[in-house]
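Please examine the sequence and the three-dimensional structure shown here. A short report on selected strands and helices is set out afterwards.

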Amino acid sequence: MNISEYRGVMVFAEQRRGEIQKVAFELLGAGRGIADTLQEPLIAVLAGTYLTDAQAASLIAHGADRVILVDDPRLGVYMTEPFTKALTAVITAEKPGIVFFGATTIGRDLAPRVSARLKTGLTADCTALAIDDASRNLLMTRPAFGGNIMATIICPEHRPQMSTVRPGVMRRLEADTARTGETVRFACRIEAADVNVEILEEVVQKEEKKNIEDASVLVAGGRGLGNPENFQSLQNLAEMLGGQVAASRAVVDAGWTSQDKQVGQTGKTVRPDLYLACGISGMIQHVAGMEESGFIVAVNKNKDAPIFAYADIGIVTDVNRLLPALQEELNRARSV
Amino acid sequence: MKIIVCIKQVPDTTEVKINPTTGTLIREGVPSIINPDDKSGLEAALVLKEQQGAHVTVLSMGPPQADLALREALAMGADQAILLSDRAFGGADTWATSSTLAAAIRKLEWDLIICGRQAIDGDTAQVGPQIAEHLQVPHVSYVTELQVGEKAIEVKRKFEDGWQRLRVQFPCLITTLKDMNQARYMSMAGIYEAYKREVKVWGLADIDVDQANIGLKGSPTRVKASYTKGTRSAGKVYEVDPRDGARIIVESLKEKFII
């Protein structure tokens, strides 16, 4: 394999029912930075049916230099083999040095199959991406061992370097309609024999209520929030962080939320990557249910609150004034 | 029908703690278990054994200690256990692991392969689909329900925003989620039996595989560095106004790669 033949950063632009998914724009944001560092083009691949120039334009506005449309009636709904065939054909023809997929239930199904077919490496669920100055290899950093360690993975002798990237982590660029780019249509015939799985039924529904034990981010509220309305406002913040809302026992006893959200000795034991405790004093019974969390941030106006002894970052301030400011800062951080 | 269930012995990562002063992983005393997604796949296979007389082979690649996980599978009711163990297989990434497992599977007769979606120590979800690719058979991942017919399997495949019901002809591979069932316990008689039964150990000489496709040498990826996320005791408390507090939080989340 002649590695120097492989140039460009490619992003798989995942669509569902014709709608380009958020993660595709996040990958373009991350890919733009990598492509600029390498001084190579950023390429978006959109596979589907009835693909439009408007879809291509939105990918260009979000950072792509080149958009490859693979339009085929058999690519309307995601199926492993037709998409594997399409992506493998595009990668073989384009020879990108890097390919990113969203770490979704589609990307995590497709990328392993493509990587096995191309005999190249694949790193799962990356949360940080960078280029090594000396080797110009891609540095792919991901959590492992139940989130207890971070590992940086390289793929030095095979191309393309592939990774799936965790949704909600990378920053998308603000759409710039003045950006220009090239759109090409890529012919790839998907045969009837490639459709080796029969879809009997398809149901679109928002995910059923998830357990707080499964959340990677928990925004937990306590009595310090003052009233149920302020507690409800945590939902928006939790969604921004890709997480869920949890609660202290006091809040559940007060009827602000349901028992299945309760963290602590008489509630649930959780260990998310991030536990953001808002107006929770941190009684020992509560701490017993969350002290193994990956990273703990506590906000409380009482500087003697016991929760601060367990927090990685503690903020002594009015939590109800901090919450809107935090949402603004998060928006700002994502749009930079 | 013949089913192969691929299982991995993993450290129970929910029991892993970080040493607060050194920031390193405490591995001592962490129990080894059958990976939860795999165990549900095994349970599904054992139900098919009871209902339809399916023959269930459990296959694992790992160090000699993985024998214990295979004996647990035998005690739950599996018919045959094979451990792929050889120094030459060590240091494998998902590509080389799947190529080794696929080589072993080629030696066996089977209609259906069941893998857990992902292992709790690596969380990659890659080995199942990659085995299917090496064997050139279809796969369905994220399976939460299954029904077996004569020539095909019908499964429910989960997505973030819904699900599909799919039919796939044998031979094929599926990857299962732990939520799909509650795995049974070993029976007392099963435990007793399991220690008298054979766990076949296959090494490099027992399978037909190109040495360029196994172990560290056959792995396209390398771990360049690994580190813990830092120590717990180094917490800082800031008495600030709400706006500065929000900035401090966002900065710390960026540093920790949470956003």
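The report covers a sheet, one of its strands, and two helices.

## Basis of the report

The structure is a predicted model.

## The ten-strand sheet

Ten strands form an open sheet with mixed pairing. Their order is β13(A)-β11(B)-β10(B)-β9(B)-β12(B)-β8(B)-β1(B)-β6(B)-β7(B)-β13(B). At the edges stand β13 (197-204) of chain A and β13 (199-202) of chain B, each of which pairs on one side only. From one strand to the next, the twist averages 30 degrees.

Within this sheet, β1 (residues 2-6) and β6 (residues 55-61), both of chain B, are paired in the parallel sense over five bridges. Opposite Ile3(B) stands Val56(B) of β6(B). β1(B) also runs parallel to β8(B), to which four bridges join it; there, Val5(B) has Ile114(B) as its bridge partner.

## The enclosed strand β8(B)

Strand β8 of chain B comprises residues 112-116, and five of the five are buried, so the strand is largely enclosed by the rest of the structure. The cover extends to both of its faces: Leu112(B), Ile114(B) and Gly116(B) are buried on one side, and Ile113(B) and Cys115(B) on the other.

Besides its pairing with β1(B), β8(B) pairs in the parallel sense with β12 (residues 172-176) of chain B over five bridges. In that pairing, Ile113(B) lies opposite Leu173(B) of β12(B).

## Helix α2(B) across the sheet

Helix α2 (residues 67-76) of chain B lies across three strands of chain B, namely β6, β7 (80-84) and β13. The helix runs at about 165 degrees to β7(B).

## Helix α6(B) and its contacts with chain A

Helix α6 of chain B (residues 242-255) has 14 residues, which at 1.5 Å a residue should span 20 Å; the end C-alpha atoms are 20 Å apart, in agreement with this expectation. Its buried residues are Pro242(B), Gly245(B), Ala246(B), Ile249(B), Val250(B), Ser252(B) and Leu253(B). Because they cover an arc of only 165 degrees around the axis, they are on the same side of α6(B). An α-helix has 3.6 residues a turn, so residues three or four places apart point the same way. The buried residues of α6(B) pack against elements of chain A: β16 (274-278), β17 (295-300), β18 (313-316) and α9 (319-335).

The N-terminal end of α6(B) is capped by Asp241(B), with a side-chain oxygen 3.0 Å from the backbone nitrogen of Arg243(B). After the helix comes Phe257(B), which has a positive phi, near 60 degrees.

Note on methods:
Residues are numbered from 1 along each chain as its sequence is written. Chains are lettered from A and ligands numbered from 1 in the order in which they are written. This is a predicted model: local features need pLDDT of at least 70, side-chain atom pairs count only at pLDDT 80 or more; totals for chains, interfaces and linings use all residues. Side-chain values use heavy atoms; hydrogens and water are left out. Two strands pair if DSSP finds at least two bridges between them. Helices (H or I, at least four residues) and strands (E, at least two) are DSSP runs, numbered from the N terminus. Axes are lines fitted to C-alpha atoms, for helices over the stretch in contact, and angles run from 0 to 180 degrees between N-to-C directions. Contact means heavy atoms within 4.5 Å. The expected span of a helix is 1.5 Å times one less than its number of residues. Buried means under 20% relative accessible area, exposed over 50%, partly exposed in between (1.4 Å probe, protein chains only). The arc is that of the directions from the helix axis to the C-beta atoms. A polar contact is a pair of N or O atoms within 3.5 Å; within protein, one must be able to donate a hydrogen and the other to accept it, and residues adjacent in sequence count only if both atoms are side-chain atoms.
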